[in-house]
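Reader: I am new to this structure and would like to go through it step by step. Please show me the sequence and the structure, and then let me ask about them.

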Amino acid sequence: MAIPNSAAIPTTTVATLAEAPGFAGTATGCSAAGGVLAMAPGETRARYAFAGRIDLGAVQPVRLISDIELLISEARDLFWEPSGTAMWTPPDARLWLGSTDAYGDVDLQVSVTDDAPDAARWGPWQSFDAADYSGRAFRFRAVLGVESPDYTIGITGLTVTALQAA
């Protein structure tokens, strides 16, 4: 589908919430170290609640857009030292870091309120990649999952951006 330039609605960024590299939120079944949020060994499901929220100060329409940088890899790869660094680095090192056979997902979720966030009654969690919402404040979490404990997910980028029509 082609959309002519004249049909595009200009937007402006009203808030950006980036959790990486610090990942200061609440982690269950995962932990952060060295700028990577990684699933705990043997886990097939984990959850990370963002440390921050987006508060617009009043109920407003916004478009939320997620940006996730992740790698699904083998959990017990004998090629890597315990420190997570390669024992040697081949010329195609990036190819050694992941697998096209790994089945996993990061489900980014949002919960919305029309009230002040500290005293709010929050709505239910909803999955999103990019979607339009109306609300005052927004909280976020990431649900990580792999089909087998033989694989793990490492997240190096986790950002949500709120846009409004300009």
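Author: Let us begin with one residue: G135 touches L56, A58, V59, Q60, V112, T113 and D114, not counting residues up to four places away in sequence, where touching, or contact, means heavy atoms within 4.5 Å. This is a predicted model, in which local features need pLDDT of at least 70 and side-chain atom pairs count only at pLDDT 80 or more, while totals for chains, interfaces and linings use all residues. Residues are numbered from 1 along each chain as its sequence is written, and side-chain values use heavy atoms, with hydrogens and water left out.

Reader: Is G135 buried or exposed?

Author: G135 lies in strand β9, strands being DSSP runs of E with at least two residues and helices DSSP runs of H or I with at least four, numbered from the N terminus. Buried means under 20% relative accessible area, exposed over 50% and partly exposed in between, with a 1.4 Å probe and protein chains only. Because its relative accessibility is 0%, G135 counts as buried.

Reader: How far apart in space are the C-alpha atoms of G135 and Q60?

Author: Along the chain, G135 and Q60 are 75 residues apart, and Q60 is among the residues that G135 touches. The separation of their C-alpha atoms is 5.5 Å.

Reader: Where does V112 lie, and is V112 buried or exposed?

Author: V112 belongs to strand β7, which covers residues 104–113. Leaving aside neighbours within four places in sequence, V112 is in contact with R121, W122, G123, Y133, S134, G135, A137 and F138. R136 is 24 residues from V112 in sequence, with 7.5 Å between the two C-alpha atoms. Since the relative accessible area of V112 is 14%, this residue of β7 is buried.

Reader: Which side chains does a polar contact join to the side chain of Q109?

Author: Q109 also has its place in strand β7, and it counts as buried because its relative accessibility is 9%. A polar contact is a pair of N or O atoms within 3.5 Å; within protein, one must be able to donate a hydrogen and the other to accept it, and residues adjacent in sequence count only if both atoms are side-chain atoms. One such contact, of 2.8 Å, joins the side chain of Q109 to that of D107, and another, of 2.5 Å, joins it to that of R141.

Reader: Which residue in the turn of the hairpin of β3 and β4 has a positive phi?

Author: Strand β3 (residues 30–33) and strand β4 (residues 36–39) pair in the antiparallel sense over 4 bridges, pairing being counted if DSSP finds at least two bridges between two strands. Within this pair, S31 stands opposite A38 in β4. The hairpin has 2 residues between its strands, and the turn residue with a positive phi, of about 60°, is G34.

Reader: How many helices and strands does the chain have?

Author: Read along the sequence, the chain follows the pattern β-β-β-β-β-β-β-β-β-β. Of its 166 residues, buried residues make up 34%. The secondary structure comes to 0 helices and 10 strands.

Reader: What percentage of contacts between residues at least 6 apart in sequence join residues at least 24 apart?

Author: One contact with a wide sequence separation has already been named, that of G135 with Q60, which are 75 residues apart along the chain. Among contacts in the chain between residues at least 6 apart in sequence, the share joining residues at least 24 apart is 71%.
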